[in-house]
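Please keep the sequence and the coordinates side by side while reading, since the explanation below moves between the two.

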Amino acid sequence: MTCPTSGADWPRSSQWGSVLQFLILTAARPGEARGATWDEIDLKALLWIFPGERMKGGKTHTVPLTSVTIKLLKSQPRLNEYAFPGPRTGKPVSDFAVSKVPKAMGHYVTAHGFRATFRTRAQEHIGYV
């Protein structure tokens, strides 16, 4: 798979690329996406439900999952409780690793910028506040 704008190879096989794809598809904050656990993900109901303790606003949050997101999740190894495990046992992929992916593909953007862009577009086009 290649990046639609630069033509660079998308590092889909790496946990770094997978978690970046996941946060783009779900409009999640990087820390929320990196910390996603298997017990929060319901593949049958197509939902990601994560507790308020992990949310900036403190409320439980439910995210509907698309077929592309489900396919991505099903491709992840179940090495520990995290959907995107890092190289250290029992830890998720690091924030630093996720931030490197766009730069490695020639894009100088931040992982959080995807969420900010999504929110701005949603506000402009459907009145989401």
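What follows goes through the sheet, then a helix, and then a residue in a loop.

The model shown here is a predicted one, and its sheet is a convenient place to begin. Three strands make up an open sheet in the order 1-2-3, with antiparallel pairing. Strand 1, residues 41-42, and strand 3, residues 61-64, are the edge strands, each of them pairing on one side only.

Taking the pairings in turn, strand 1 and strand 2 run antiparallel to each other and are joined over two bridges, and in one of the contacts between them Asp42 has Leu47 of strand 2 as its bridge partner. These two strands form a hairpin with four residues between them, and within the turn Leu46 adopts a positive phi of about 60°. On the other side, strand 2, which covers residues 47-50, pairs with strand 3 in the antiparallel sense over four bridges. Here Phe50 has His61 in strand 3 as its bridge partner, while Trp48 stands opposite Val63 of strand 3.

In which directions, then, do the side chains along strand 2 point? In a regular strand, side chains alternate between the two faces of the sheet. Strand 2 shows such an alternation, in that Trp48 and Phe50 point to one face and are buried, whereas Leu47 and Ile49 point to the other face and are not buried. Read together with the pairing, this places the buried Trp48 and Phe50 at positions where Trp48 is opposite Val63 and Phe50 is bridged to His61.

Helix 3, which spans residues 67-74, can be read in a similar way, by asking which of its residues are buried. The buried residues of this helix are Thr69, Ile70, Leu72 and Leu73. Seen down the axis of helix 3, these buried residues fall within an arc of 160°, and therefore they line one face of the helix. The face turned away from that buried side carries Ser67, Lys71 and Lys74, which are exposed.

Beyond helix 3, in the loop that lies between it and helix 4 (residues 95-104), is Gln76. Is this residue buried or exposed? Gln76 counts as buried because its relative accessibility is 7%, where the cut-off for burial is under 20%. The side chain of Gln76 also takes part in a polar contact, at 3.3 Å, with the side chain of Ser18.

Technical notes. Residues numbered from 1 in each chain as written. Predicted model: local features only at pLDDT ≥ 70, side-chain atom pairs only at ≥ 80, totals over all residues. Heavy atoms only, no water. Pairing = 2+ DSSP bridges. Buried < 20%, exposed > 50% of the residue type's maximum accessible area, 1.4 Å probe, protein only. Polar contact = N/O pair within 3.5 Å; in protein donor to acceptor, adjacent residues only side chain to side chain. Arc of directions from axis to C-beta.
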